Amino acid sequence: MPNSFRSIGLIARATSSMGNHLFSHQHLQNNQFLYLLHILDSPGITQAELAAQLHVDPSTCLRTVRKLITGGYLVRQPDPADKKRKCLVPTTQAQAFYPQLQHYEQTLLTLGTVDFSAGERLMLEELLARVATNIERLQADPTRFQTPFERPKDEN
């Protein structure tokens, strides 16, 4: 089982590295393409919602969003229904780039499961969704995490 989690980590690091390399000509680095893809999938998302979706620290999300704004990919706009709420809206530059991001994501999925049957692809998707749900629950309540390497305290 530990190899499964290592494999998930390898997939995450490899796809991140490939994406950073592939989109460097667009001046996107340090996984900015992932943030942009999420925002393009959910235009009007708030920064707090984005950080929660990506499971990143809010300050990390803030830095990345600022860079995307500076790069001309995003703008912050007040929500018409709630003026205090600032929405992240992709610019025309970002929208023009969207097909490339979607193609990258789809190519990874296709090539990563090239020798899988349709049933195996569905099973993989279902199993990974369950793992993600379990990890999210654990992240929400870290007291459930029992580390086997902690030594019991001496009672003397």
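Modeller: Ala, Val, Leu, Ile, Met, Phe, Trp, Tyr, Cys and Pro count here as nonpolar, Asp, Glu, Lys and Arg as charged, and the others, Gly among them, as polar. Please bear in mind that this is a predicted model.

Biologist: With those classes in hand, how do the residues of the lining of the largest pocket divide?

Modeller: The general idea is that rolling a probe the size of a water molecule over the atoms shows where empty space is left. In this structure, the lining of the largest pocket comprises 22 nonpolar, 14 polar and seven charged residues. The space within this pocket amounts to about 1800 Å³.

Biologist: Which residues lie nearest the centre of the largest pocket, and which helices supply at least two residues of its lining?

Modeller: Of the 43 lining residues, Ile-8, Ile-11, Ala-12, Thr-15 and Leu-128 lie nearest the centre. At least two lining residues come from each of α1, α2, α3, α4, α5 (92–112) and α6 (118–140).

Biologist: I should next like to read a helix pair. At roughly what angle do the axes of α3 and α4 cross?

Modeller: The axes of α3 (residues 47–54) and α4 (residues 58–70) cross at roughly 115 degrees and come within 9 Å. The crossing of α3 past α4 is right-handed. On the α3 side the contact involves Gln-47, Leu-50 and Ala-51, and on the α4 side Pro-58, Cys-61, Leu-62 and Val-65. By class, six of the residues in this contact are nonpolar, one is polar and none is charged.

Biologist: How is the sign of phi to be read, and what is phi for Asn-31?

Modeller: Most residues other than glycine have a negative phi. Asn-31 is not a glycine, yet its phi is positive, at about 65 degrees. Asn-31 is located in the loop between α1 (2–22) and α2 (32–41). Because its relative accessibility is 23%, Asn-31 counts as partly exposed.

Biologist: Where is His-55 found, and what is its phi?

Modeller: His-55 sits in the loop between α3 and α4. Its phi is also positive, at about 55 degrees, although His-55 is not a glycine. With 40% relative accessibility, His-55 counts as partly exposed.

Biologist: Is Gly-44 buried or exposed, and which residues does Gly-44 touch beyond four places away in sequence?

Modeller: Buried means under 20% relative accessible area. Gly-44 has 18% and is therefore buried. This glycine belongs to the loop between α2 and β1 (45–46). Not counting residues up to four places away in sequence, Gly-44 touches Arg-85, Cys-87 and Leu-88. The C-alpha atoms of Gly-44 and Ala-81 are 12 Å apart, with their positions 37 residues apart along the chain.

Conventions:
Residues are numbered from 1 along each chain as its sequence is written. This is a predicted model: local features need pLDDT of at least 70, side-chain atom pairs count only at pLDDT 80 or more; totals for chains, interfaces and linings use all residues. Side-chain values use heavy atoms; hydrogens and water are left out. Axes are lines fitted to C-alpha atoms, for helices over the stretch in contact, and angles run from 0 to 180 degrees between N-to-C directions. Helices (H or I, at least four residues) and strands (E, at least two) are DSSP runs, numbered from the N terminus. A crossing is left-handed if the near helix is turned anticlockwise from the far one by less than a right angle, and right-handed if clockwise. Contact means heavy atoms within 4.5 Å. Buried means under 20% relative accessible area, exposed over 50%, partly exposed in between (1.4 Å probe, protein chains only). On a 1 Å grid over the protein atoms alone, a cavity is a set of points where a 1.4 Å probe fits but cannot get out, and a pocket is an open set with protein on both sides within 12 Å along at least five of seven lines; lining residues have an atom within 4 Å of a point. Grid points are joined across faces, edges and corners, and a volume is the space filled by probe spheres set on the points.
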